[in-house]
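Work through these short exercises with the model open. Try each task before reading its solution.

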Amino acid sequence: MLLSPISGLAATPEVIHIEIENELSGMSEFVTEPMVSSGEAHTVALKSDGTVWAWGSNASGQLGTGTTANSSTPVQVTDLADVIAVSAARGQYTVAVKADGTVWAWGNNDAGQLGDGTTIRKTTPVQVVDLTGVVAVSAGNGHTVALKADGTVWAWGNNGNGQLGDGTTTTSYTPVQVKGLTGVIAISTGSGFTVALKADGTVWAWGSNNSGQLGDGTPTQRHEPVQATAVSGVTVVSAGSGFTVASKSDGTVWASNQVVGLTDVTTVSAGREYAVALKSDGTAWAWGRNYYGEHGNGATGTSTTPVQVVDLTGFTAVSAGTVHTVALKADGTVWGWGYNNSGQLGNGGTAVNNTTPVQTLGEGGEGFLNLRATVIENPPEDLYTVVFNLNGGNHIGGGEIQQAVSPSGTATTPIVAYSGWVLDRWDISFANINKNIVEMTAQWLRLGAISTMGVSVSSADVVWLARHVAGHEGFELDAQGERLVDMNGDGVVDSADITVLMRWLVGWELEELQG
């Protein structure tokens with residue numbers, strides 16, 4: 001998977017191509033960010049290699065294994081790869097988004113929540129019909145919502161409370177567009193309602209509103225989105241059983257009012273009458289109902305103020321389910337606490353509830369689950385031959401430039417390029433090795449100004465950052481301008497000037513630019 005250039009750049013393989021000739025063995029070709037999601041009585045996890053794993057209750061086939069047998073340790077979802085997002089429903093089903101923008105679902109389908117046009121239960125993934133371009137998904141208690149890359153929202157399944165947001169209360173077995181909603185960056189489904197976060201920090205909601213969970217100051221059910229009042233600057237929003245919780249850019253947390261005693265919060269998750277928040281220091285905090293140890297503080301009993309999850313730090317993600325919580329640590333390990341009647345904590349053949357965190361075991365109970373699978377234990381120590389190929393599309397020359405560089409080294413001497421440009425530095429880093437990425441930073445230095453362009457550019461003006469994902473022979477360059485000028489003469493200094501600067505640096509279309 002090649003990483004896209006930054007917005008506004010027009011880099012192509014014909015401009016410049018880089019190859020790392022030494023094979024990096026054991027690396028997966030697909031890389032994604034791990035995540036966890038807890039449902040009613042099952043848990044789903046996404047590994048960095050794009051595979052999906054699940055454990056807990058499987059009465060409706062929500063584990064995606066082709067059976068209805070529960071599992072108290074992780075099992076891999078059948079025939080599903082290259083996944084970028086997952087969501088475990090509180091209604092015994094699961095949904096996933098693939099890198100190609102398609103959506104897949106499995107498990108309970110009594111209200112058409114799988115989106116395949118039927119109400120037939122599925123024990124392995126089926127594709128949601130007529131839906132592409134999706135980047136995020138949220139599975140609720142009988143209805144599902146998806147966010148497209150264009151900022152629009154689509155929904156399907158139960159619509160008795162207007163939770164599909166299409167202006168009706170008619171259940172739909174296939175996706176329908178939420179009315180009048182654009183610019184959305186995040187979505188979350190609750191019990192009979194849906195919330196969405198726009199890029200401007202406003203929150204919009206629709207569906208059931210008997211507890212005021214839509215935040216519009218009324219108890220009136222809404223069949224189309226309405227804006228939540230008295231809240232702005234929101235960065236994360238989560239819908240629970242009958243309430244909504246949000247964290248703001250200032251690190252505070254809000255529900256019906258501000259949650260006391262919480263600052264520096266980075267994310268929140270709402271469950272069934274309780275919520276969990278993560279702070280920037282990696283600690284987890286919970287409040288609300290705590291019948292089965294959902295708070296992870298070693299006790300049971302409701303708390304109206306946040307209490308800290310005991311003994312653990314380093315959390316990067318959290319998901320509150322119906323009566324159990326699951327969290328992901330920075331090291332890739334998964335931890336759970338709360339109700340465990342179906343093995344949804346993933347700690348083996350016990351159905352004992354846990355009021356403090358327990359670690360999820362690996363497949364078959366061997367070791368522990370790690371969502372950031374280590375793909376290379378020890379990076380090779382030999383030199384890497386980095387090849388610059390400037391042939392295609394270059395008006396002023398061709399050929400290759402190459403030099404051997406150590407895994408964390410720097411070019412020992414500048415390499416002369418074309419038309420007075422030199423490559424005065426490059427670095428290769430394995431810092432992102434768990435994401436299967438080899439990263440190279442290169443700086444170019446112009447020896448003197450091109451008088452016809454009327455400007456002079458130094459190595460401080462542009463840095464090219466290239467990322468190589470294992471399994472592919474080469475990668476393209478991104479340009480990051482540090483001191484830009486109005487290169488294209490349009491009166492504005494913006495990303496378009498980086499494009500011109502890139503072309504100038506490698507001589508691509510130089511005749512056109514100088515003409």
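**Exercise 1.** In what order do the four strands of the open sheet lie, and is the pairing parallel or antiparallel?

Solution. The order is E10-E11-E12-E13, and the pairing is antiparallel. Strands (E) are DSSP runs of at least two residues, numbered from the N terminus; two strands pair if DSSP finds at least two bridges between them. Next, find the edges: E10 (134–139) and E13 each pair on one side only. From one strand to the next, the twist averages 20°. Now zoom in on E10 and E11 (residues 143–148): five bridges join them in the antiparallel sense. Val 134 faces Lys 148 in E11.

The model is predicted: local features need pLDDT of at least 70, side-chain atom pairs count only at pLDDT 80 or more, and totals for chains, interfaces and linings use all residues. Residues are numbered from 1 along each chain as its sequence is written, and side-chain values use heavy atoms, leaving out hydrogens and water.

**Exercise 2.** Place Gln 163 and describe its surroundings.

Solution. Start with location: Gln 163 sits in the loop between E12 (153–157) and E13 (172–177). Gln 163 counts as buried because its relative accessibility is 2% (buried means under 20% relative accessible area, with a 1.4 Å probe and protein chains only). Beyond four places in sequence, Gln 163 touches residues including His 143, Phe 193 and Trp 206 (contact means heavy atoms within 4.5 Å). A polar atom of the Gln 163 side chain lies 2.7 Å from the backbone nitrogen of Asn 161.

**Exercise 3.** Locate Ser 238 and find the backbone nitrogen that its side chain reaches.

Solution. Ser 238 lies in strand E18 (residues 234–239). At 8% relative accessibility, Ser 238 is buried. Its side chain reaches the backbone nitrogen of Ala 270 at 2.8 Å.

Terms used:
Buried < 20%, exposed > 50% of the residue type's maximum accessible area, 1.4 Å probe, protein only. Polar contact = N/O pair within 3.5 Å; in protein donor to acceptor, adjacent residues only side chain to side chain. Axes fitted to C-alpha atoms, helices over the stretch in contact; angles between N-to-C directions.
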